Amino acid sequence: MSINYTFGLPLLHNFAEFIYYQGLFLPHEVDKIIGFWDDDKTIKATLSGDKKYNDELRKSSVMFIDNTPENDWIYSKLGALAINCNRERYNFDLLGFHQELQLTKYSEGNFFDWHLDFGAGEISARKLSMTIQLSDEEEYEGGDLQFMINKEIVTAPRKKGTIVIFPSFIMHRVTPITKGTRQSIVGWVSGPPYR
Ligand SMILES: O=C(O)CCC(=O)C(=O)O
Ligand SMILES: [Fe+2]
(Lines give C-alpha, C1' and ligand atoms only; values in the text may rest on other atoms or scores of the structure.)
(Ligands and ions follow the chains in the order given, each with its own letter.)
Protein backbone atom coordinates (compact mmCIF):
# COMPACT_ATOMS: atom_id res chain seq x y z
CA MET A 1 0.00 0.00 0.00
CA SER A 2 1.36 3.42 -0.81
CA ILE A 3 0.55 6.60 0.97
CA ASN A 4 0.26 9.80 -0.97
CA TYR A 5 0.93 12.83 1.15
CA THR A 6 -1.19 15.77 0.20
CA PHE A 7 1.58 18.18 1.19
CA GLY A 8 4.94 18.59 -0.42
CA LEU A 9 7.46 16.91 1.85
CA PRO A 10 10.91 18.29 1.06
CA LEU A 11 13.24 15.39 0.35
CA LEU A 12 16.99 15.24 -0.09
CA HIS A 13 17.62 13.45 -3.34
CA ASN A 14 21.34 14.23 -3.35
CA PHE A 15 22.12 13.08 0.18
CA ALA A 16 25.45 11.26 0.41
CA GLU A 17 27.02 9.71 3.50
CA PHE A 18 30.27 11.38 2.51
CA ILE A 19 31.58 13.44 -0.36
CA TYR A 20 35.11 14.22 -1.40
CA TYR A 21 36.74 17.04 -3.30
CA GLN A 22 40.19 17.19 -4.81
CA GLY A 23 42.31 20.11 -5.90
CA LEU A 24 40.86 22.88 -3.74
CA PHE A 25 44.08 23.28 -1.81
CA LEU A 26 47.17 23.44 -3.98
CA PRO A 27 50.16 21.23 -3.06
CA HIS A 28 52.13 24.17 -1.68
CA GLU A 29 49.12 25.15 0.45
CA VAL A 30 48.90 21.65 1.90
CA ASP A 31 52.64 21.77 2.64
CA LYS A 32 52.22 25.13 4.34
CA ILE A 33 49.52 23.67 6.60
CA ILE A 34 51.73 20.68 7.45
CA GLY A 35 54.42 23.23 8.40
CA PHE A 36 52.13 24.59 11.14
CA TRP A 37 52.80 21.46 13.16
CA ASP A 38 54.51 22.48 16.36
CA ASP A 39 55.26 19.82 18.96
CA ASP A 40 55.10 22.48 21.69
CA LYS A 41 51.50 23.29 20.86
CA THR A 42 50.51 19.66 20.67
CA ILE A 43 48.15 18.01 23.08
CA LYS A 44 47.09 14.43 23.41
CA ALA A 45 43.77 14.10 21.64
CA THR A 46 40.80 13.90 23.97
CA LEU A 47 37.18 13.16 23.35
CA SER A 48 34.24 15.43 23.96
CA GLY A 49 31.58 14.84 26.58
CA ASP A 50 31.61 11.79 28.83
CA LYS A 51 34.04 9.84 26.73
CA LYS A 52 36.93 12.18 27.60
CA TYR A 53 40.41 10.66 27.87
CA ASN A 54 39.38 7.28 26.55
CA ASP A 55 42.61 5.71 25.29
CA GLU A 56 40.75 2.78 23.86
CA LEU A 57 38.77 4.88 21.42
CA ARG A 58 41.39 7.31 20.24
CA LYS A 59 45.14 7.69 20.17
CA SER A 60 46.62 10.65 18.29
CA SER A 61 48.12 14.10 18.84
CA VAL A 62 46.32 17.29 17.97
CA MET A 63 46.88 21.02 17.87
CA PHE A 64 44.54 23.79 16.82
CA ILE A 65 44.85 26.22 13.93
CA ASP A 66 44.12 29.67 15.34
CA ASN A 67 41.42 31.57 13.50
CA THR A 68 43.71 34.58 12.99
CA PRO A 69 43.85 36.81 9.87
CA GLU A 70 46.90 35.00 8.51
CA ASN A 71 45.06 31.68 8.65
CA ASP A 72 41.91 33.09 7.15
CA TRP A 73 42.64 31.58 3.72
CA ILE A 74 42.18 28.08 5.18
CA TYR A 75 38.99 28.92 7.04
CA SER A 76 37.42 30.78 4.13
CA LYS A 77 38.21 28.11 1.54
CA LEU A 78 36.78 25.39 3.75
CA GLY A 79 33.79 27.52 4.74
CA ALA A 80 32.89 28.31 1.14
CA LEU A 81 33.19 24.65 0.19
CA ALA A 82 30.98 23.62 3.11
CA ILE A 83 28.29 26.11 2.13
CA ASN A 84 28.24 24.89 -1.46
CA CYS A 85 28.27 21.26 -0.47
CA ASN A 86 25.50 21.85 2.03
CA ARG A 87 23.35 23.61 -0.55
CA GLU A 88 23.76 20.77 -2.99
CA ARG A 89 23.40 17.85 -0.60
CA TYR A 90 22.04 18.49 2.87
CA ASN A 91 20.25 21.77 3.35
CA PHE A 92 21.22 21.87 7.04
CA ASP A 93 21.02 25.12 8.97
CA LEU A 94 24.65 26.20 9.24
CA LEU A 95 26.13 29.09 11.18
CA GLY A 96 29.86 28.56 10.74
CA PHE A 97 32.93 27.12 12.42
CA HIS A 98 32.34 27.29 16.17
CA GLN A 99 35.49 25.40 17.03
CA GLU A 100 39.00 25.89 15.72
CA LEU A 101 40.25 23.62 13.00
CA GLN A 102 42.13 20.70 14.43
CA LEU A 103 45.44 19.55 13.04
CA THR A 104 45.89 15.87 13.82
CA LYS A 105 48.90 13.61 13.67
CA TYR A 106 48.66 9.84 13.78
CA SER A 107 51.96 8.05 14.34
CA GLU A 108 52.52 4.31 14.24
CA GLY A 109 49.93 2.59 16.44
CA ASN A 110 47.65 5.66 16.54
CA PHE A 111 44.00 5.41 15.52
CA PHE A 112 40.52 6.75 16.13
CA ASP A 113 38.00 3.93 16.42
CA TRP A 114 34.32 4.02 15.36
CA HIS A 115 32.55 7.15 16.57
CA LEU A 116 30.17 9.96 15.71
CA ASP A 117 31.30 13.59 15.81
CA PHE A 118 27.81 14.44 17.04
CA GLY A 119 26.39 13.94 20.55
CA ALA A 120 25.03 15.63 23.65
CA GLY A 121 26.21 19.02 24.86
CA GLU A 122 29.10 20.86 23.27
CA ILE A 123 29.12 18.68 20.16
CA SER A 124 25.37 18.78 19.54
CA ALA A 125 25.71 21.81 17.26
CA ARG A 126 28.01 20.02 14.83
CA LYS A 127 26.40 19.55 11.45
CA LEU A 128 29.12 18.89 8.91
CA SER A 129 32.49 17.31 9.57
CA MET A 130 35.36 18.01 7.22
CA THR A 131 38.67 16.22 6.92
CA ILE A 132 41.65 17.11 4.77
CA GLN A 133 44.14 14.41 3.90
CA LEU A 134 47.46 16.18 4.40
CA SER A 135 49.89 13.30 4.01
CA ASP A 136 51.17 11.68 0.90
CA GLU A 137 49.37 8.34 0.66
CA GLU A 138 52.71 6.58 0.19
CA GLU A 139 53.99 7.95 3.51
CA TYR A 140 51.87 5.72 5.71
CA GLU A 141 50.15 2.36 5.88
CA GLY A 142 46.83 1.83 7.62
CA GLY A 143 45.32 5.11 8.76
CA ASP A 144 42.32 4.80 6.50
CA LEU A 145 39.38 7.10 7.09
CA GLN A 146 36.38 4.80 6.84
CA PHE A 147 32.62 5.16 7.02
CA MET A 148 30.02 2.69 8.17
CA ILE A 149 27.21 2.92 5.68
CA ASN A 150 24.54 0.49 6.85
CA LYS A 151 26.72 -2.62 7.16
CA GLU A 152 29.20 -1.62 4.51
CA ILE A 153 32.63 -0.19 5.41
CA VAL A 154 33.73 2.34 2.81
CA THR A 155 37.20 3.91 2.69
CA ALA A 156 37.68 7.58 1.78
CA PRO A 157 40.28 8.51 -0.84
CA ARG A 158 43.75 8.96 0.65
CA LYS A 159 45.20 11.28 -1.98
CA LYS A 160 47.00 14.26 -0.46
CA GLY A 161 44.79 17.35 -0.48
CA THR A 162 41.50 15.44 -0.64
CA ILE A 163 38.77 17.09 1.40
CA VAL A 164 36.12 14.76 2.76
CA ILE A 165 32.81 16.17 4.00
CA PHE A 166 30.18 14.17 5.87
CA PRO A 167 27.24 14.79 8.20
CA SER A 168 28.57 14.67 11.77
CA PHE A 169 26.04 11.93 12.62
CA ILE A 170 27.69 9.43 10.27
CA MET A 171 29.74 6.67 11.93
CA HIS A 172 33.43 6.76 10.98
CA ARG A 173 36.90 5.78 12.12
CA VAL A 174 40.59 6.04 11.31
CA THR A 175 42.21 2.60 11.27
CA PRO A 176 45.51 2.06 13.14
CA ILE A 177 48.65 3.30 11.44
CA THR A 178 50.93 0.36 10.84
CA LYS A 179 53.77 2.34 9.24
CA GLY A 180 54.69 6.00 8.90
CA THR A 181 52.66 9.04 9.88
CA ARG A 182 49.35 10.49 8.74
CA GLN A 183 48.29 14.09 9.23
CA SER A 184 44.84 15.56 8.72
CA ILE A 185 42.84 18.66 9.41
CA VAL A 186 39.46 18.12 10.98
CA GLY A 187 36.82 20.82 11.22
CA TRP A 188 33.16 21.01 12.13
CA VAL A 189 30.63 23.39 10.72
CA SER A 190 27.94 24.02 13.30
CA GLY A 191 24.37 25.18 13.37
CA PRO A 192 21.24 25.20 15.56
CA PRO A 193 19.78 21.87 16.77
CA TYR A 194 17.86 19.70 14.33
CA ARG A 195 14.14 20.29 14.37
O1 LIG B 1 41.70 12.25 10.94
C2 LIG B 1 40.63 12.15 10.34
O3 LIG B 1 40.56 12.13 9.10
C4 LIG B 1 39.32 12.06 11.07
C5 LIG B 1 39.44 12.20 12.54
C6 LIG B 1 38.12 12.22 13.21
O7 LIG B 1 37.25 11.47 12.89
C8 LIG B 1 37.87 13.21 14.26
O9 LIG B 1 38.81 13.92 14.67
O10 LIG B 1 36.71 13.31 14.71
FE1 LIG C 1 35.41 12.05 13.79
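In strand β13, L145 finds its bridge partner in V174. This pairing belongs to a predicted model, in which local features need pLDDT of at least 70, side-chain atom pairs count only at pLDDT 80 or more, and totals for chains, interfaces and linings use all residues. Residues are numbered from 1 along each chain as its sequence is written, while chains are lettered from A and ligands numbered from 1 in the order in which they are written.

The strand opposite β13 here is β10 (residues 145–149), and three bridges join the two in the antiparallel sense. Two strands are said to pair if DSSP finds at least two bridges between them. Helices (H or I, at least four residues) and strands (E, at least two) are themselves DSSP runs, numbered from the N terminus. As a general point, strands of a sheet pair through backbone hydrogen bonds, either parallel or antiparallel. Both β10 and β13 sit in an open sheet of five strands, ordered β3-β7-β13-β10-β11 with antiparallel pairing. At its edges are β3 (58–59) and β11 (152–155), each of which pairs on one side only.

Just beyond β10 comes a small curiosity. N150, in the loop between β10 and β11, has a positive phi of about 55 degrees although it is not a glycine. Most residues other than glycine have a negative phi. N150 counts as exposed, because it has 5 C-beta neighbours inside 10 Å; a residue is exposed if 12 or fewer other C-beta atoms, placed from the backbone, lie within 10 Å of its own, buried if there are 20 or more, and partly exposed in between. N91 is a further case, with a positive phi of about 60 degrees although it is not a glycine. N91 lies in the loop between α2 (72–89) and β5 (96–97), and is exposed, with 12 other C-beta atoms within 10 Å.

Strand β6 (residues 101–106) offers a contrasting picture, for five of its six residues are buried. Strand β4 (residues 61–65) pairs with β6 in the antiparallel sense over five bridges, and V62 stands opposite T104 of β6. Five bridges also join β6 to β15, again running antiparallel; here Q102 has V186 of β15 as its bridge partner.

Several of these residues meet again around ligand 1, whose surroundings are T104, F112, D117, T131, L145, H172, V174, S184 and V186. The elements giving two or more residues to this shell are β13 (172–174) and β15 (182–190). A residue is taken as near a molecule if its C-beta atom, placed from the backbone, lies within 6 Å of it. By type, the shell has four nonpolar, four polar and one charged residue; Ala, Val, Leu, Ile, Met, Phe, Trp, Tyr, Cys and Pro count as nonpolar, Asp, Glu, Lys and Arg as charged, and the others, Gly among them, as polar.

An unreviewed UniProt entry carries the annotation "domain: Fe2OG dioxygenase" for residues 96–191. Over residues 96–191 the chain is 0% helix and 56% strand, with the end C-alpha atoms 7 Å apart.

Finally, the view widens to the whole protein chain, which comes to two helices and 15 strands. Its radius of gyration is 17 Å, close to the 16 Å that the globule rule gives for 195 residues, so the chain is as compact as a globular protein of that length. That radius is taken over C-alpha atoms, and the rule is 2.2 Å times the number of residues to the power 0.38. Buried residues make up 26% of the 195 residues.

Methods:
UniProt positions are given in the numbering used here, feature names are shortened, and annotations may be inferred rather than shown by experiment.
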